[in-house]
Amino acid sequence: MQLAKKITEDTYYVGYSDRRLELFENIYPIERGVSYNSYLVLDEKTVLLDTVDHSVSRQFMENVKGVLSGRCLDYLIVNHVEPDHCATIEAVINAYPECKIVGNAKTLQFIAQFYDFDVSSHSMTVKEGDVLSSGKHSFSFVLAPMVHWPEVMVTYDSFTKVLFSADAFGTFGSLSGNLFADELDFEKEWLDDARRYYLNIVGKYGIQVMNLLKKASSLEIGMICPLHGPIWRKDIAWFIDKYKTWAQYEPEEDGIVIIYSSIYGNTEQAMMYLALKLGDLGVRNIHMYDASKTDASVLLSECFRYSKAVFASVTYNLEIFPKMESLLLDLKAHLYQKRRVGVVECGTWALQSGKKMTDILKSMKDIEIVDGKAVSILSNAKESVQKELDNLAENLLK
Ligand SMILES: Cc1cc2nc3c(=O)[nH]c(=O)nc-3n(C[C@H](O)[C@H](O)[C@H](O)COP(=O)(O)O)c2cc1C
Ligand SMILES: [Fe+2]
Ligand SMILES: [Fe+2]
């Protein structure tokens, strides 16, 4: 059964969702699954934009065949050569041997590196600014290097004003009948996943995302068709604005995230004390997480979401507790910056985690550590430490 759906004029959604996959990129939990989007344009020539992951290839091939209904496929534009989108290229070429694969030099090189079929005999190399006409539609190509991978480009159809945006503007989450963001409660049900997707997967490349947004600002965009998640045709500016905030590493909200690593609960208790104090001081947007319980991708996303953070960790064999250490290194790798943070350490005989945490945080750009050092807890936060936590709460808000 084909399950394609017309999205505008002669453009069809031919992708599909995978609800079974546990970990996207074998690392990010996806409770709600993920969609692999692909689009097919029926013009004088037929044009497919990207393919899908092998897990949904069967449905995808049925969708393509169904929409083409006997026509041949003339072009396959490849915007991104990550296997979640290109795993089905070979199957497409086998089914439609006349098809030309349209990509930039790197695209075609990467496809040849991944797969065994003869790419060169199918390839059509394009550069930035080139235009491919299929009849009524004119597709132009805008290079977007490192808006996930170096070969990435986006394709603009000037006839329908659709921007095929590759991984940009994508999100985790399966599609359930409604393909458009305006048919969903995106802010309530999707934004957290969109933020987590962006910050973990593309977040390191803020400068490149800003470059793409700058290039795209000269285009009249009526619809954004990403490779994951819903399609945008309304409130596009709202979502682009979110991207600008994320890409420039600005906090999205005034608020405090408290993340702790505690074995027996003493450090946790101290963080609850701090949270209550912050509440007394009038803070309303406080979010506490146990770094061993909540997935690192959520923690990272929450750190970028709020303007302030507190990191608290026990000393563990003279080191930072592993979950906390890996979170801090992950934040550094994702260019965490422009934040005011508090640091708290706990230990019973040789406290080390505070110094080691502040060392990592100091190696990041534009991170202000409250009072320049960690608050230290000897086993359990007694009265003198509670006073220091009171100060930490007050100084964090300054
Ligand atoms: C396996 C293990 C290793 C630890 N290593 C250290 C250490 O090197 N230095 C230290 O001062 N405390 C060490 N501690 C004690 C903890 O840092 C901490 O003081 C204690 O677990 C109480 O805090 P909590 O209730 O938040 O877990 C260790 C604890 C455990 C269980
Ligand atoms: Fe990607
Ligand atoms: Fe992707």
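Biologist: Where does ligand 1 sit?
Modeller: This is a predicted model, where local features need pLDDT of at least 70, side-chain atom pairs need 80 or more, and totals for chains, interfaces and linings use all residues. Residues are numbered from 1 along each chain as written, chains are lettered from A and ligands numbered from 1 in written order, and side-chain values use heavy atoms, without hydrogens or water. Ligand 1 (more than half of its atoms within 2 Å of the grid points) sits in the largest pocket.

Biologist: What is the volume of the largest pocket?
Modeller: A pocket here is an open set of points on a 1 Å grid over the protein atoms alone, where a 1.4 Å probe fits, with protein on both sides within 12 Å along at least five of seven lines. Filling the largest pocket with probe spheres set on those points gives about 290 Å³.

Biologist: Which residue has a backbone N or O atom 2.6 Å from an oxygen atom of ligand 1?
Modeller: Backbone polar atoms of L318 and W349 lie 2.7 Å and 2.9 Å from ligand oxygens. The 2.6 Å pair belongs to T315.

Biologist: How much of ligand 1 does the protein bury?
Modeller: Taken alone, ligand 1 exposes 620 Å² (Shrake-Rupley, 1.4 Å probe). Of that area, the protein buries 87%.

Biologist: Which element gives the most to the shell around ligand 1?
Modeller: Three elements give two or more residues each: α9 (266-280), β19 (306-316) and β21 (339-347). These are DSSP runs, with helices (H or I) of at least four residues and strands (E) of at least two. With three residues, the top contributor is β19.

Notes:
Polar contact = N/O pair within 3.5 Å; in protein donor to acceptor, adjacent residues only side chain to side chain. 1 Å grid on protein atoms, 1.4 Å probe; cavity = no way out; pocket = protein on both sides within 12 Å on 5 of 7 lines; lining within 4 Å.
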